[in-house]
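Thanks, everyone, for making the time this morning. I would like to walk you through one structure, so please bring it up on your screens and follow along with me.

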Amino acid sequence: MKQLIDLATWNRREHFAFFSAFEEPFFGLVAPVECTGAQAEAKRRGVSFFLYYLYHAVQAANEVPELRTRIEDGQVYQYERVHASATLGRADRTFAFSFIEQHDELSGFVAAATAEMEAVQNSFGLRLSNTTARVDVLHCSAIPWVRFTGLTHARSFSHPDSCPKISFSQLYEENGRTYMNVAVNVHHALADGYHVGQFLQAFERRLTGEMVKS
């Protein structure tokens with residue numbers, strides 16, 4: 001479900017008009033997120049760490065209304081919930097796009113993700129479709145081989161796009177604590193640094209001890 005935002009009364013109407021006119025309206029930042037204990041918790045639950053933190057990232061993003069807002073044919077809509085469109089790898093080192101439905105329960109999310117991972121392994125190419133190209137998603141990717149401190153995305157400026165893009169780095173240790181760097185790119189007509197900060201705080205809070213539904 002989605003709700004049309006009235007541009008005439010929206011408190012971001014000038015931000016929307018200003019940044020929507022840019023050739024590149026996206027901005028991004030990279031920040032460390034503490035995830036001490038998250039690997040052990042994922043193992044205790046019998047879940048891969050990738051799926052564990054991806055679940056928490058989707059849940060955290062859904063806490064921020066601005067990350068559930070999209071531009072469609074010049075109109076602005078806020079979705080009740082958004083899902084994950086994650087790049088998933090194959091043994092031959094290619095990847096494909098996916099659609100993983102958001103679930104409040106970790107088990108439901110893992111089941112949906114596992115089905116998509118199996119579909120990717122049994123497919124060829126990028127798996128471009130109306131489903132993987134939905135707008136009510138977060139574009140997610142993991143780069144677990146690199147402790148990146150900066151990141152850019154390939155983008156077609158002629159293709160309308162307002163989906164947030166979230167990327168996760170290699171884990172690393174500092175002063176006895178575990179971190180990963182997280183890159184977040186968002187459409188500036190819809191969200192600002194404050195909203196990215198809200199997402200990162202919610203994500204870190206969940207990874208460092210918040211109980212989750214099984």
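Phe95, Leu126 and Leu128 together make a nonpolar patch on the surface, and its area comes to about 300 Å². Please keep in mind, here and in everything that follows, that this is a predicted model. Of those three residues I would pick out Phe95, which sits in strand β7, covering residues 95-96. Its relative accessibility is 41%, and because buried means under 20% and exposed means over 50%, Phe95 counts as partly exposed.

For contrast, let us turn to another phenylalanine, Phe168, which is placed in strand β9, residues 165-174. Is Phe168 buried or exposed? Its relative accessible area is 0%, and it is therefore buried, given the cut-off of under 20%. If you look for what lies around it, one residue to find is Ile143, which is 25 residues away from Phe168 along the chain, while the C-alpha atoms of the two are separated by 6.0 Å.

Next, the sheet. There is an open sheet of 3 strands, in the order β1-β4-β3, and the pairing is antiparallel. Its edge strands are β1, residues 2-4, and β3, residues 69-72, each of which pairs on one side only. From one strand to the next, the twist averages 35°.

Taking the pairings one at a time, β1 is joined to β4 by 3 bridges, with the two strands running antiparallel, and if you want a residue to start from, Lys2 has Tyr79 in β4 as its bridge partner. On the other pairing, 4 bridges join β3 to β4, residues 75-79, and these strands run antiparallel as well; here Arg70 has Tyr77 in β4 as its bridge partner. The hairpin of β3 and β4 has 2 residues between the strands, and in it Asp73 takes a positive phi near 50°.

Finally, I would like to look at helix α3, which spans residues 49-62. How many of its 14 residues are buried? The count is 13 of the 14, so α3 is largely enclosed by the rest of the structure. We can also check its length, since at 1.5 Å a residue the 14 residues should span 20 Å, and the C-alpha atoms at its ends are indeed 20 Å apart, which agrees with that expectation.

That is where I will stop, and I am happy to go back to any of these places on the screen.

Methods
Residues numbered from 1 in each chain as written. Predicted model: local features only at pLDDT ≥ 70, side-chain atom pairs only at ≥ 80, totals over all residues. Heavy atoms only, no water. Patch = residues over 30% accessible without salt bridge, like charges linked within 9 Å, V, L, I, M, F, W, Y side chains within 5 Å. Areas by Shrake-Rupley, 256 points an atom, 1.4 Å probe, with all protein chains shown as cover. Salt bridge = Lys/Arg side-chain N within 4 Å of Asp/Glu carboxyl O. Buried < 20%, exposed > 50% of the residue type's maximum accessible area, 1.4 Å probe, protein only. Pairing = 2+ DSSP bridges. Axes fitted to C-alpha atoms, helices over the stretch in contact; angles between N-to-C directions. Expected span 1.5 Å × (residues − 1).
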